[in-house]
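Hi,

Here's the structure I promised to pass on to you. Have a look at it first, then read on for my notes.

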Amino acid sequence: MHLGGGDLTQTTQGIWIARATGIDPCTLIMDLEGTDGRERGEDDTAFEKQSALFALAVSDIVLINMWCHDIGREQAANKPLLKTVFQVMMRLFSPRKTTLLFVIRDKTKTPLEVLEPVLREDIQKIWDSVPKPPAHKQTPLSEFFNVEVTALSSYEEKEEQFKEQVMLLRQRFFNSIAPGGLAGDRRAVVPASGFPFSTQHIWKVIRENKDLDLPAHKVMVATVRCEEIANENLAKLASDEDWLELEEAVQSGPVLGFGKKISSILDKYFSDYDTEAVYFDESVRTTKRQHLESKSLDLVYPAYQAMLGHLRAKALNMFKEQLEQALKIGEAFAGAVRDCMETSLAEFDHGCVDATVQQATWDSLKTREKLRRDIDNHAASVRATKLSEISAQFEKRLSEALSEPVASLLDAGSRDTWPSIRKIFIRETDSAISGFSSSISGFEIDEKTANKMVENLKEYARSVVEKKAREEAGQVLIRMKERFSSVFSQDSDSMPRVWTGKENIRAITKDARSRSLKLLAVMAALCLEETTDKSEEKTDKIESVLSSALLDNGDGSSAIQERSVSAIVSPLASSTWEEVSPSDTLITPVQCKSIWRQFKTETEYTVGQAIATQEASRRSSTFLPPPWAIVALLILGFNEFMLLLRNPLYLGVLFVLFLLVKALWVQLDIASIFQHGALSGILQLSTKFLPTVMGILKRLADEGQKVGASSNNANGSVQHVPLQDQESDFSSQGSSSASNLTYSSSLTHRQVGNVDMRVA
């Protein structure tokens, strides 16, 4: 087209032929006027079809310009023209293999790989729909034409890229008749000398054919005018204020009465189109109205989708809130989900009815299905969370109900420990499973899933017991020492044991070690799955093995140890117990042997202390002289005894000496000093004797000064007392002093004893 005087006019009129410069072999270029020109009148409108047919009949390569946005359209893509030309060509000419090179102009972002199949499919449909003469009923399109497709960018927008693409297209015409070229398989080639005559004859045949007439002028006018009216109304719709406000409002939230408002706006512009196009051809008018409706609905469809999106979000939020409230008041989960889903879907359907556009046949099924999937996903998420919370709640309850009782029973370490643990395990597990099953009944879980969850709860309960058992097994040495200390250091009444020399320390030690060994046997293996008899039997077997290998051997002679060395090594030289799986083994035989060795080492000191205490007690109980010495003392000391009876003054002196000796005895604590042997007692006595005597004498001197001071202060006079009274006073003072000495000796003894303990 040429812009002249402000109007668009044709650039090419008629048919122009020229030789292409710079292309080998010699190539003639034929330029035809456009098929949509309006300069020709109604009488001459068949020329475009005639020229098109002439080009197909004469040329080896035909370039057909086609706008990119016209692909897929009926009129703009020249489908009727091609259909007529194909039909006439098959009737008038024989196949000569012409190459149809479709040049897509002003290519958009749509890839050529997408456009080319559409264009080829349209050409094939045109060929298939063309009525064919009997000679060509089964002739394929490839017998007449080779179809090639290329694309050029917009010259106005991408000039440089357009020129580069044109140069590439020009390169394809070099050696075009060579094998593989654009016209490499052409047929019925006319020599150059006969080309003018051939073209003249072909043009004559085409001019005489009446099948190439175009439709009437009124149809063409109706097509152009109705399309203009439709485009004008579409532009008005796109700039309508009500529509723009509605489009903006629907982006931020749902709009009440959306469907009615959109329908009213569309109906206004469709009515305007009908009013303006009422006098044009009915078929054309109807076709263009359909195009207007299609484009208008395409314009408002994103707003409709946004409206559905808001309705879906609103319904989903409603479902979430209602479900949360229903669960808070204690409704069953599955029933609450169904009720809330029905309410939410009903609300969505009501909103979709309000958003329905009368002129459109859109449905909301896809959005509704997406809403349903979102609801199902949220319900599944909430269900998983709730089930997880319920499982965690019952697992916590099981942990609290099993941990402390199991630890207490294992600490007891008796023969019925594992049967008791199993009873507690079964009781608490059954109780938890019963409550758990009741709690999940409202979820309507399938039987397989429910059974799996119950099994997981059982496995957790077992893991609690096993974990606690392994923790206690890790502290078995401490527990054994505590058990040994309890049995060894306390009597049957749980009172501290006093080693008086009458106790059988060997028997007590063996009993304490035996009970400690029983505790080790109980903690050696997990006996949770077995029945009471089997668990007791398993524990007894382990205890028997440990007793024979450790306890009996430890108390036997070296000869017995040598004879039974194989029996000792064999049962404890393994990493598993007989009839006990590795997973149930808490302490291996090898570990038991190591623990027992360490246990004996750490308890030997306690046994040694008890033995030493018992020996000291025995020595202290035999401190008095033997009876024969006492009898000899009475016989040989009879004269001295009679002397004391005849002279009471000696008896008083002896009494005072007795008090002094008694005070020294108490003060020095002679019994405790000689408890650990004569030599050590003499050494301690030699260091304490002199300070103790000096302390007693000092106290006596202090008491004498107090008595003298009190007598001098009594009215400043001296009272004469009879000799007997003086003697009685002296005796009372002596006894008082002796008692004071005794008391002070006790205090001094405690102090000295404390010093001795610190020194020791």
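Below is what turned up, going from the inside to the surface, then the charged pairs and a few backbone details.

One thing to keep in mind: this is a predicted model.

**The inside**

Let's start with the nonpolar cores. The largest one has 111 residues, and the members that touch the most others are Phe258, Trp418, Phe488, Leu520, Leu546 and Ile587. Which helix gives the most to this core? That would be helix H10, running from residue 282 to 328, with 15 residues. There's also a second core, separate from that one, made of 32 residues; Leu56, Met66, Met90 and Ile202 are among them. As background, nonpolar side chains in soluble globular proteins tend to be buried together.

Two buried residues are worth clicking on one at a time. Try Thr692, which sits in helix H25 (residues 678-712). Its relative accessibility is 8%, so Thr692 counts as buried. Who are its partners? If you skip the neighbours within four places in sequence, Thr692 is in contact with Leu664, Gln667 and Leu668. Leu668 and the other two partners of Thr692 are easy to pick out if you show side chains.

Next, Ala450 in helix H14. Is Ala450 buried or exposed? With a relative accessible area of 18%, it falls under the 20% cut-off, so Ala450 is buried. Leaving out residues up to four places away in sequence, Ala450 touches Ile440 and Ile445. Take the first of these: Ala450 and Ile440 are 10 residues apart along the chain, and their C-alpha atoms are 8.2 Å apart in space.

**A nonpolar patch on the surface**

Some nonpolar side chains are on the outside, too. Leu649, Val653, Leu654 and Leu657 form a surface patch, with about 360 Å² of accessible area together. Val653 is part of helix H23 (residues 648-668). Its relative accessibility is 43%, so Val653 counts as partly exposed.

**Charged pairs**

How many salt bridges does a search of the whole structure find? The count is 23. Here are some to look at.

- Asp374 and Arg312: their side chains meet in a salt bridge at 2.5 Å, N to O. The pair links distant parts of the chain, with Asp374 in helix H12 (residues 365-412) and Arg312 in helix H10, 62 residues apart. Both Asp374 and Arg312 are buried.
- Glu444 and Arg338: the closest N and O atoms of this salt bridge are 3.0 Å apart. This pair also links distant parts of the chain, 106 residues apart: Glu444 is in the loop between H13 and H14, and Arg338 is in helix H11 (residues 333-355). Arg338 has a relative accessible area of 42%, so it is partly exposed.
- Asp511 and Arg515: here the closest N and O atoms are 3.5 Å apart. Why are the two separated by about one helical turn? Because Asp511 and Arg515 are 4 residues apart in helix H16 (residues 505-522). Asp511 is partly exposed at 32% relative accessible area, and Arg515 is partly exposed at 41%.

Salt bridges can also join up: Asp411, Glu472, Arg479 and Glu482 are linked in a network of them.

**Backbone details**

Three spots in loops to finish with.

What is special about the peptide bond from Asp24 to Pro25? The bond is cis, with omega near 5°. Pro25 is in the loop between strand S3 (15-19) and strand S4 (28-32).

Asp106 has a phi near 55°, which is a positive value in a residue other than glycine. You'll find Asp106 in the loop between strand S6 (98-105) and helix H3 (112-129). Its relative accessible area is 28%, so Asp106 is partly exposed.

And Glu444, the one bridged to Arg338, comes up again here. Glu444 has a positive phi near 55° and is not a glycine. Its loop runs between helix H13 (417-440) and helix H14 (447-474).

That's everything from me. Write back if any of it is unclear.

Cheers

Methods: Residues are numbered from 1 along each chain as its sequence is written. This is a predicted model: local features need pLDDT of at least 70, side-chain atom pairs count only at pLDDT 80 or more; totals for chains, interfaces and linings use all residues. Side-chain values use heavy atoms; hydrogens and water are left out. A nonpolar core is a set of buried Ala, Val, Leu, Ile, Met, Phe, Trp, Tyr and Cys residues joined through side-chain atoms within 4.5 Å. Buried means under 20% relative accessible area, exposed over 50%, partly exposed in between (1.4 Å probe, protein chains only). Contact means heavy atoms within 4.5 Å. Patches are made of residues with over 30% relative accessible area and no salt bridge: like charges are joined within 9 Å, nonpolar side chains (Val, Leu, Ile, Met, Phe, Trp, Tyr) within 5 Å. Accessible areas come from the Shrake-Rupley method with a 1.4 Å probe; for residues, only the protein chains shown count as cover. A salt bridge is a side-chain nitrogen of Lys or Arg within 4 Å of a carboxyl oxygen of Asp or Glu.
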